[in-house]
Amino acid sequence: MLRPEEAGLNPGDPLPILPGHVSGGRFERVLRAGHFAITTEIAPPDSADPDEVLRRAHLFDGHVDAINATDGSGAHCHMSSLAVCAILTRVGYSPIIQISCRDRNRIAIQGDVLGAAALRVGNVLCLSGDDVSVGDHPEAKPVFDFDSVTLLQTIRTLRDESRFLSGRKLDLPPQMFLGASINPFAPPYANRVDQFAKKVAAGAEFVQSQYCFDLAMARDFMARARDLGLTERCFTLMGVGVLASAKTAKWLRSAIPGVHIPDEVIRRLEQAEKPKAEGRRIAVELMQQLAEIEGINGIHLMAFKQEEFVGEIVKASGVLGSRKPWAPEFPLVPTPSK
Amino acid sequence: MYKVRLWSVKHSRGMERLYHATNPLVLGLMRGLTRLFGHRLDRPITALEAGVKGFLFDCKMCGDCALSKTGMSCPMNCPKTIRNGPCGGVRENGMCEVKPEMRCVWVAAWDGASRMQHGDAIKNVNFAVDHRRKGTSSWLKLAREDSDAAA
Ligand code: SF4
């Protein structure tokens, strides 16, 4: 794989933008080269400590192609996505900044997109965001000036037309690979693919899905996405979750709207002697089966509180073949400050 | 009213017909009135629109009416005011993730659109609202845009 030294740059600096590419990032290169890709999620710390971010990222070294930094997920307060991404690019990681519409209006968002690009963040995931009422500050004012689709369109305008929405010109546009989320596993099932099409029309070049625990639904969804020609215009990374126990699985599906976990999965966890290992096995199997579906270009592995197993799961799945994703040459792993 | 709103979506086809039948009339009337009275009737007209659309659709008077493009389900009733929905959090029973007692506005919208003759308009991207228009009349906006275009 490409090493930053080959480009003669500092680790975090963008690579030259190849023909047909929109960003200088490694993540887009991996996908456009036709490789199966892995992304994962980093939980931003409740801390002002940059080393904690690096410690958490280090767990993924050599196993993932990009790292999503969540933006106040579940409407809970944590270190900002932009800051996490900026810390990651310093070392050379490929972060995906998540921007939710809940907390910022169009003035703040456009400014943040320029800032992120200036800090060498090459990928962005556009989200509507969870409502403030589910978070730890339910008394906050929800913004929602945009939704995920208009957010996509706005960043595409910044990038491709080199101007703000107001029309004011940019001296240098943000070269970012544009992403969105999809959830084929929640109603209205028949229209989920139309919603996907809308996101592609608004500029999505890659999508990451909500947890997929239902292969039949995933197959059906991808068949319809292929019929609409979406898989030719957009890379799809299916979301795979690592369940720690039947209890967590039940909690997830009842407490987090939009998460669909079939009963068989829960039964498997209940009957397993070692539910935690079984949860990882389920993830491995799902990854292998999803990789077989035409039009799926990668896996978005969400291993909340089980981040240390990401490498093991990716390896066991074998979906990367012999390819080893980029890792920092001289990993900067500060020892925990206790 | 929530019940009436659901009824309107269920009868989206009829509502669409009603809209096409009355729209030229309403717009013609608005054009005439604005020509005669300028801005003097804006307040009562706005109040009338808020009353009628409020009753039928729980209209929130965003000033940029999207009903004909959203299956007759007003997107401003979505707690996240999503104009291109739904979000990823819709409950398994089709209810809203934020307000479990309310049918997701966008589940309703796609359902309503499926019965409309021009329901496919829901597939087009609807850009974010202009917040300066909040509380103003969409009828008057359309009437004035039309006469500006004609002028
Ligand atoms: S579930 Fe539907 S109504 Fe509720 S926030 Fe999401 S899109 Fe809006």
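**Figure 1. Where chain A meets chain B in this predicted model.** The contact draws on 29 residues of chain A and 28 residues of chain B. Interface size is often expressed as the accessible area lost when the parts come together. Here the area buried between chain A and chain B comes to about 2,400 Å², and carbon and sulfur atoms supply 55% of that buried area. If you are looking for charge pairs, note that the rule finds zero salt bridges across the interface of chain A and chain B.

**Figure 2. A salt bridge in chain A, between R159(A) and E205(A).** Side chains of opposite charge can pair when their charged atoms come close. In this view the side chains of R159(A) and E205(A) meet at 2.9 Å, N to O. R159(A) sits in helix α6 (residues 148-160) of chain A, while E205(A) belongs to the loop between α7 (192-201) and β6 (206-211) of chain A, so the pair ties together parts that are 46 residues apart in sequence. Over all chains, a search of the whole structure finds 29 salt bridges.

**Figure 3. The surroundings of the ligand in chain B.** Around the ligand you will find C78(B), P79(B), K80(B), P86(B), C87(B), V90(B), C96(B), E97(B), M102(B), C104(B), V105(B) and W106(B). Sorted by class, this shell holds ten nonpolar and two charged residues, with no polar ones. One member of the shell, P86(B), is worth a second look: the peptide bond from G85(B) to P86(B) is cis, with omega near 5°. P86(B) is placed in the loop between α3 and α4 (105-114) of chain B.

**Figure 4. The second largest pocket and its lining.** Rolling a probe the size of a water molecule over the atoms shows where empty space is left. The second largest pocket offers about 500 Å³ of space. Three elements of chain B, α2 (12-37), α3 (42-57) and α5 (138-150), each give two or more residues to its lining. The most comes from α2(B), with six residues. In total 22 residues line the pocket, and Y19(B), N23(B), K53(B), C65(B) and W139(B) lie nearest its centre. By class, the lining has twelve nonpolar, five polar and five charged residues.

**Figure 5. Backbone details in two loops of chain A.** Most residues other than glycine have a negative phi, and most peptide bonds are trans. S162(A), which is not glycine, has a positive phi near 50°, and this residue lies in the loop between α6 and β5 of chain A. P187(A) and P188(A) are joined by a cis peptide bond, with omega about -10°. P188(A) is found in the loop between β5 (177-182) and α7 of chain A.

Notes. Residues numbered from 1 in each chain as written. Chains lettered and ligands numbered in written order. Predicted model: local features only at pLDDT ≥ 70, side-chain atom pairs only at ≥ 80, totals over all residues. Heavy atoms only, no water. Near = heavy atom within 4 Å. Nonpolar A, V, L, I, M, F, W, Y, C, P; charged D, E, K, R; others polar. 1 Å grid on protein atoms, 1.4 Å probe; cavity = no way out; pocket = protein on both sides within 12 Å on 5 of 7 lines; lining within 4 Å. Points joined across faces, edges and corners; volume = space filled by probe spheres on them. Helix = DSSP H or I, 4+ residues; strand = E, 2+ residues; numbered from the N terminus. Contact = heavy atoms within 4.5 Å. Buried area = accessible area lost by both parts, 1.4 Å probe. Salt bridge = Lys/Arg side-chain N within 4 Å of Asp/Glu carboxyl O.
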